[in-house]
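Hi there,

Here is the structure I promised you. Have a look at it first, and then read on for what turned up.

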Amino acid sequence: MRRKILAGNWKMNKTYSEGLQLVDEIVELFNAQPVDGVEKILAPSFIHLSAVIEKVKLIKNFSVASQNCHHQKNGAYTGEVSAEMVKSTGATYVIIGHSERRSFFSENSVVLSQKVNIALLNNLNPIFCIGESLEERNANTHLEAVRKQLKETVFNLSESDFSKLIIAYEPIWAIGTGVTATSHQAQGMHNFIRSEINKKYGKVISENIPIIYGGSCNAKNAKELFACLDVDGGLIGGASLIAEELFSIANSFPI
Ligand code: PGA
């Protein structure tokens with residue numbers, strides 16, 4: 001049975017105290033009614049990492065991710081945060097390849113490969129995001145676009161390194177737009193991703209790797225999405241900023 005994963009990506013939201021308040025609310029809900037069998041990951045901003053780690057370490061099955069890390073080891077990169085620095089906070093995951101990083105910060109497959117490698121070197125597990133644009137979906141080239149992202153960035157990893165990834169399928173047209181992929185579209189793409197992984201790494205790895213969905217996933221649509229055979233959870237943006245909503249999404253997995 002594959003891992004079930006619920007990750008909340010806070011993006012550039014919440015002041016320091018607002019972030020602590022949110023995590024307190026989350027801890028309270030999950031403490032009162034634990035959601036067993038689901039790995040919960042919070043990805044707050046860098047400023048929140050250590051405080052959030054302190055708070056969630058009291059509850060079972062919670063871990064923390066950074067939303068980014070730099071691709072170099074260390075040095076004169078003013079304003080940047082290295083994988084080693086992220087790891088030193090106690091975080092265990094890092095989001096890499098989010099479409100907002102690809103488009104607003106011009107992160108290409110070369111830089112993303114370096115990020116994946118340096119994260120793994122520091123024992124951080126990448127949550128690696130892939131997904132097509134609206135133009136690609138409309139032109140029916142979405143499968144090819146996603147295959148290219150996999151090939152260019154993570155298909156050069158060894159089997160043991162690749163097995164440490166969580167893949168997040170996030171169609172760009174669904175992120176923050178309120179337009180969610182239908183369960184048919186999500187299942188179709190997740191199944192395609194798994195079959196590409198099968199071709200490259202074989203059945204055992206492809207059957208075990210978690211592939212989660214992101215893009216306007218919320219308490220209303222999570223149940224239908226998570227019921228899909230190849231959808232192993234969600235990467236939640238906007239809806240993860242409301243504790244009750246996140247809790248309700250965590251309760252949307254098939255039993
Ligand atoms: P959204 O963001 O849930 O707000 O669409 C998802 C993401 O970008 O990870």
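A cavity here is a set of points, on a 1 Å grid over the protein atoms alone, where a 1.4 Å probe fits but cannot get out. Grid points are joined across faces, edges and corners, and a volume is the space filled by probe spheres set on the points.

Please keep in mind that this is a predicted model, in which local features need pLDDT of at least 70, side-chain atom pairs count only at pLDDT 80 or more, and totals for chains, interfaces and linings use all residues. Residues are numbered from 1 along each chain as its sequence is written, and side-chain values use heavy atoms, with hydrogens and water left out.

The cavity: the count comes to one of 30 Å³ or more, and the largest holds about 40 Å³ of space. Its lining residues (an atom within 4 Å of a point) include Arg102, Cys129, Gln149 and Glu170. Two or more lining residues come from each of α4 (99-104) and β5 (125-130); helices (H or I, at least four residues) and strands (E, at least two) are DSSP runs, numbered from the N terminus.

The ligand: 13 residues surround it (a heavy atom within 4 Å), and Glu170 is also among the closest, along with His98. Polar contacts are pairs of N or O atoms within 3.5 Å. A polar side-chain atom of Lys11 is 2.7 Å from a ligand oxygen. Backbone atoms take part too: one of Gly176 lies 2.6 Å from a ligand oxygen, and a polar one of Ser216 lies 2.7 Å from a ligand oxygen.

Happy exploring!

Technical notes
On a 1 Å grid over the protein atoms alone, a cavity is a set of points where a 1.4 Å probe fits but cannot get out, and a pocket is an open set with protein on both sides within 12 Å along at least five of seven lines; lining residues have an atom within 4 Å of a point. A polar contact is a pair of N or O atoms within 3.5 Å; within protein, one must be able to donate a hydrogen and the other to accept it, and residues adjacent in sequence count only if both atoms are side-chain atoms.
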